[in-house]
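Here are some short exercises to work through with the structure open beside you. Try each task before you read its solution.

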Amino acid sequence: MSTPTALVIVPTYNERDNVTLLAAGVMQHENVRLLIVDDQSPDGTGEIADGLARQYAGRLEVLHRTGPRGLGLAYLDGFKKALGASVDVICQMDADLSHDPARLPALIAAVANADLAIGSRYVPDGTVVNWPLFRVVLSRFANIYVRRVTRLHVRDCTSGYRCWRRATLASLPLDRIFSDGYSFLIETLYLAARRGCRVTEVPIAFVERRRGESKLSGAVFVESLVTPWRLVARNSRP
Ligand SMILES: Nc1nc2c(ncn2[C@@H]2O[C@H](COP(=O)(O)OP(=O)(O)O)[C@@H](O)[C@H]2O)c(=O)[nH]1
Ligand SMILES: [Mg+2]
């Protein structure tokens, strides 16, 4: 079979110092296109992305969102646009270079035998580099908690580096999604797993960003505590 074609969705909020390098890394892969979803970043990321769209014309597009911002809202709009494109695989990754574009081929290849491939920090050969202790503890705790409440068997439920088989993504009830922030990642995984999708994990080294700031907040943490229970409750309703 020929190499699958992929569209990578990258949400951005204040990533001016990362987005150019990220785009160059993704564009190394000939079969891959890029969709940057910017939420009117005050630091001018959107304008830089427009320049990249001219530089990589035909392979890189920018979606400028207006209205309330959020990681989940950005992905939702990105998914809807991506599903209109004729590609085999739809991927998600962060803009801050924590996710190495060099791992894209491994993730894309993994969906030949799965419906969703997750770039995983918590399988053998997966690692986290340069994270402060509190982030390591928070992420580990979040994963144990999510697994316990939802009974998912995935080791890294909160990873934002993913590749979906197009038909799998198209089968998700996107209009039922309630998460507008980071818990979008948990919700989409849960919806896919409940539908019987085959989820596989591909080891990645997650490297903490060197430039710009994390948008993770206390509110995100609280949301991650509540979301698994909301999902289970919704699932048990007739
Ligand atoms: N479009 C958009 N992107 C966001 C938003 N919040 C975070 N992001 C992006 O989501 C990715 C992950 O965010 P980051 O702050 O690095 O989270 P962390 O890695 O968990 O610390 C990055 O590419 C961010 O720019 C948002 O509200 N809107
Ligand atoms: Mg990050």
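**Exercise 1. Find the loop that holds L97, and decide whether L97 is buried or exposed.**

Solution. Start with the location: in this predicted model, L97 sits in the loop that runs between β4 (89-92) and α4 (104-110). Next, look at the backbone. The phi of L97 is near 70 degrees, a positive value in a residue other than glycine. For context, most residues other than glycine have a negative phi. Finally, count neighbours: L97 has 21 C-beta neighbours inside 10 Å. The cut-off for a buried residue is 20 or more, so L97 counts as buried.

**Exercise 2. Do the same for N14: give its loop, its phi and its exposure.**

Solution. N14 belongs to the loop between β1 (6-12) and α1. The phi of N14 is near 55 degrees, which is again positive in a residue other than glycine. Around N14 there are 19 other C-beta atoms within 10 Å. Buried needs 20 or more and exposed needs 12 or fewer, so N14 is partly exposed.

**Exercise 3. Describe how α1 packs on α2, beginning with the angle and ending with the residues.**

Solution. Step one is geometry: α1 (residues 19-27) and α2 (residues 45-55) pack at an angle of about 30 degrees, and their axes are 10 Å apart. An angle under 35 degrees counts as roughly parallel, so α1 is roughly parallel to α2. Step two is handedness, and the crossing of α1 and α2 is right-handed. Step three is the contact itself, where V19, T20 and A23 from α1 meet T45, I48, A49 and L52 from α2. Sorted by class, the residues of this contact are 5 nonpolar, 2 polar and no charged.

**Exercise 4. Work out how well α3 is covered, and by what.**

Solution. First check the length. Helix α3 (residues 71-82) has 12 residues and spans 16 Å from its first C-alpha to its last, close to the 16 Å expected at 1.5 Å a residue. Then turn to burial: 9 of the 12 residues are buried, and α3 is mostly covered. The buried residues are L71, G72, L73, A74, Y75, L76, G78, F79 and A82. Last, look for the neighbours: the cover over these residues includes the strands β1, β2 (32-38), β3 (60-64) and β4, along with the helices α6 (166-171) and α7 (184-194).

**Exercise 5. Which residues of α8 meet α7, and which meet α5?**

Solution. Take α7 first. It packs with α8 (residues 218-236) at an angle of about 30 degrees, with the axes 10 Å apart. That makes α7 roughly parallel to α8, and the crossing is right-handed. I186, E187, Y190 and R194 of α7 meet S224, T227, P228, L231 and N235 of α8. This contact has 4 nonpolar, 3 polar and 2 charged residues.

Now take α5 (residues 133-150), whose axis comes within 9 Å of that of α8 and crosses at roughly 15 degrees. That makes α5 roughly parallel to α8. The crossing of α5 and α8 is right-handed. Here A142, Y145, V146, V149 and T150 of α5 meet S224, P228, W229, L231 and V232 of α8. By class, the contact of α5 with α8 has 8 nonpolar, 2 polar and no charged residues.

Notes: Residues are numbered from 1 along each chain as its sequence is written. Chains are lettered from A and ligands numbered from 1 in the order in which they are written. This is a predicted model: local features need pLDDT of at least 70, side-chain atom pairs count only at pLDDT 80 or more; totals for chains, interfaces and linings use all residues. Axes are lines fitted to C-alpha atoms, for helices over the stretch in contact, and angles run from 0 to 180 degrees between N-to-C directions. Helices (H or I, at least four residues) and strands (E, at least two) are DSSP runs, numbered from the N terminus. Angles under 35 degrees count as roughly parallel, over 145 as roughly antiparallel, 65 to 115 as roughly perpendicular and the rest as oblique. A crossing is left-handed if the near helix is turned anticlockwise from the far one by less than a right angle, and right-handed if clockwise. Two residues are in contact if their C-beta atoms, placed from the backbone, lie within 7 Å. Ala, Val, Leu, Ile, Met, Phe, Trp, Tyr, Cys and Pro count as nonpolar, Asp, Glu, Lys and Arg as charged, and the others, Gly among them, as polar. The expected span of a helix is 1.5 Å times one less than its number of residues.
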